[in-house]
Amino acid sequence: INFTVHTPFILGAELCFLVQAKRMSVDFDVPGEPLYAKNEDIVLADTSIMGQLPLIALFSSFLFWTNFYFFLCIFNRHHTPEWNCRIVTGVHGTVATFLSFVSAFLIGPWPFSYIAQPSNQLHITIIIISEGYFIFDFMWCIWYMTEGPVLLAHHLVSLFGFTYVLHSGMYGSELSAVLGGSEASNPFLQTRWFMKESNLYHGFAEKLIDYAFVAVFLGVRLGIGTALHIRVQIDPAVDWIPKIGGQAFYIISVIFGVQIVKFFTQKYILKKSKKPKQ
C-alpha cells in the first residue's frame, strides 16, 4: 500500500516540547503550609513553559504526536495507516503509564489521599502530553471511521477531563492516576493486534498476551480504578464537575470491561466446558 503524506515538520515546536524536562527544577523548600500533609514529597517548581504557557505546550504536544505519526507513514509506508497509528498509541500508553507510576509511587503525592488539591508540575506535564495525543487520535478516528461510539465517547470524556484540570489547576493527582490505570493495559492490546496482523497470534504467545491484557485491565483499571473512583465520589471536597466526569469515564470503563470479560469467557471458559460431539 502506497501511503504518502506531505506535511511540514514543525521542528521548532517539537523542540520546544521535548526540552521541557531540562527546564524543570526541583524545589524542596515550599513556603507556607506544606502541600502534602505529613510527608516530604518532592514539589516540582512551576518554572517551565508547561506551567506558564499551557496552550503553547499543548499545541506542541499535539504537533509532536502528529508528526511522529506522519514520520512513521513516510518511512514505514509499506504498512497501513492503522499500523502506524497503533505504534503511536502504544508509545503513548507506555509513556503515560510510566509517568503516572512515577508520579503516584515515587514522587508523590499519593492520589488516594491527595484529593481535590492543586496539581503539581509533573501532573500538568503528564496531562499535556496525553491531551495532545488524544486530540490527534480522536481526529484520526474521525477521519478513518475505524472506531465505534464507545471509544469516541471515551476520547471526548478524557479530553474534557484534561481541559478541566488544566483550567482549574486542581485534581491533577487523581487524573494522572486514572490515566495511568486506564493506559496500563494499552500496550498489551496493541501488541495483541500486531501479533494478529503478523500471523503470530497463536499457541502459547496467544494465551500469554490474552491473559496479560485481561489481568491488567481488570486488576488495574477496574480493580484499583474502582477503589479510586469511590474515594473521589465520596469526598465532600470534590466539585460536582469532576464527579460527573468521573462517573462518565467509569461507566465507559465498565462497558469495556463487560466486552473483555465476554470475549475471555467465550474463548477460554465456555470453549473448554463444551463436550466434544459423540
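1. **The loop after helix 5.** P109 sits in the loop between helix 5 and helix 6, the latter covering residues 121-144. This is a predicted model, and the points below should be read that way. The peptide bond from G108 to P109 is cis, and its omega is near 5°. G108 comes just after helix 5 and takes a positive phi of about 85°. Most peptide bonds are trans. The G108 to P109 bond therefore deserves a look in the viewer, as a cis bond.

2. **Helix 5 itself.** The helix that leads into this loop covers residues 81-107, which is 27 residues. At 1.5 Å a residue, helix 5 should span 39 Å. Its end C-alpha atoms are 37 Å apart, so the two values agree.

3. **Overall make-up.** The chain has eleven helices and two strands. From the N terminus, the order is α-α-β-β-α-α-α-α-α-α-α-α-α. Two helices thus come ahead of the strands, and the rest of the elements are helices, because the order reads α-α-β-β and then α to the end. The chain holds 278 residues, and buried residues make up 46% of them.

4. **Contacts and surface.** Take the contacts with a separation of 6 or more. Residues 24 or more positions apart account for 75% of these. The chain exposes about 15200 Å². Carbon and sulfur atoms supply 69% of that area.

5. **Helix 7.** This helix runs over residues 149-168 and has 20 residues. From first C-alpha to last, helix 7 reaches 28 Å, close to the 28 Å expected at 1.5 Å a residue. Which of its residues are buried? They are L152, H154, H155, S158, L159, G161, F162, Y164 and V165. G169 follows helix 7, and its phi is positive, near 75°.

6. **Two positive phi values outside glycine.** Most residues other than glycine have a negative phi. M145 has a phi near 50°, a positive value in a residue other than glycine. M145 is found in the loop between helix 6 and helix 7. N199 also has a positive phi, near 60°, and is likewise a residue other than glycine. N199 lies in the loop between helix 9 (186-197) and helix 10 (203-234). Are these residues buried or exposed? M145 is exposed, with a relative accessible area of 64%. N199 counts as exposed too, at 63% relative accessibility.

7. **Cysteines.** How many disulfides does the structure hold? The count is zero. C73 is in no disulfide, and the nearest cysteine sulfur to it, that of C85, is 8.5 Å away. C73 counts as buried, since its relative accessibility is 0%. For C141, the closest cysteine sulfur is again in C85, at 6.4 Å, which is too far for a bond. The cut-off for a disulfide is 2.5 Å between sulfur atoms. C141 counts as buried, at 4% relative accessibility.

8. **Aromatic pairs.** With ring centres within 6.5 Å taken as a pair, the count comes to 23 aromatic pairs. Y69 and F136 form one that is tilted, at 5.4 Å centre to centre and with 50° between the planes. Y69 lies in helix 4 (residues 54-75) and F136 in helix 6, so this pair ties together parts that are 67 residues apart in sequence. Y69 counts as buried, at 3% relative accessibility. F136 is buried as well, with a relative accessible area of 5%.

9. **An aromatic cluster.** Y69 and F136 also belong to one aromatic cluster, together with F64, W65, F68, F70, Y133, F134 and F162. F162 is among the buried residues of helix 7.

10. **A buried aspartate.** D210 lies in helix 10. Its relative accessibility is 0%, so D210 counts as buried. Which side chains make polar contacts with the side chain of D210? The side chain of R192 does, at 2.9 Å. A second polar contact, of 2.5 Å, joins the side chains of D210 and Y268. Leaving out residues up to four places away in sequence, D210 touches R192, Y201, F263, K267 and Y268.

Methods: Residues are numbered from 1 along each chain as its sequence is written. This is a predicted model: local features need pLDDT of at least 70, side-chain atom pairs count only at pLDDT 80 or more; totals for chains, interfaces and linings use all residues. Side-chain values use heavy atoms; hydrogens and water are left out. Helices (H or I, at least four residues) and strands (E, at least two) are DSSP runs, numbered from the N terminus. The expected span of a helix is 1.5 Å times one less than its number of residues. Buried means under 20% relative accessible area, exposed over 50%, partly exposed in between (1.4 Å probe, protein chains only). Contact means heavy atoms within 4.5 Å. Accessible areas come from the Shrake-Rupley method with a 1.4 Å probe; for residues, only the protein chains shown count as cover. Rings of Phe, Tyr and Trp (its six-membered ring) pair if their centres lie within 6.5 Å; planes under 30 degrees apart count as stacked, over 60 as edge-to-face and the rest as tilted. A polar contact is a pair of N or O atoms within 3.5 Å; within protein, one must be able to donate a hydrogen and the other to accept it, and residues adjacent in sequence count only if both atoms are side-chain atoms.
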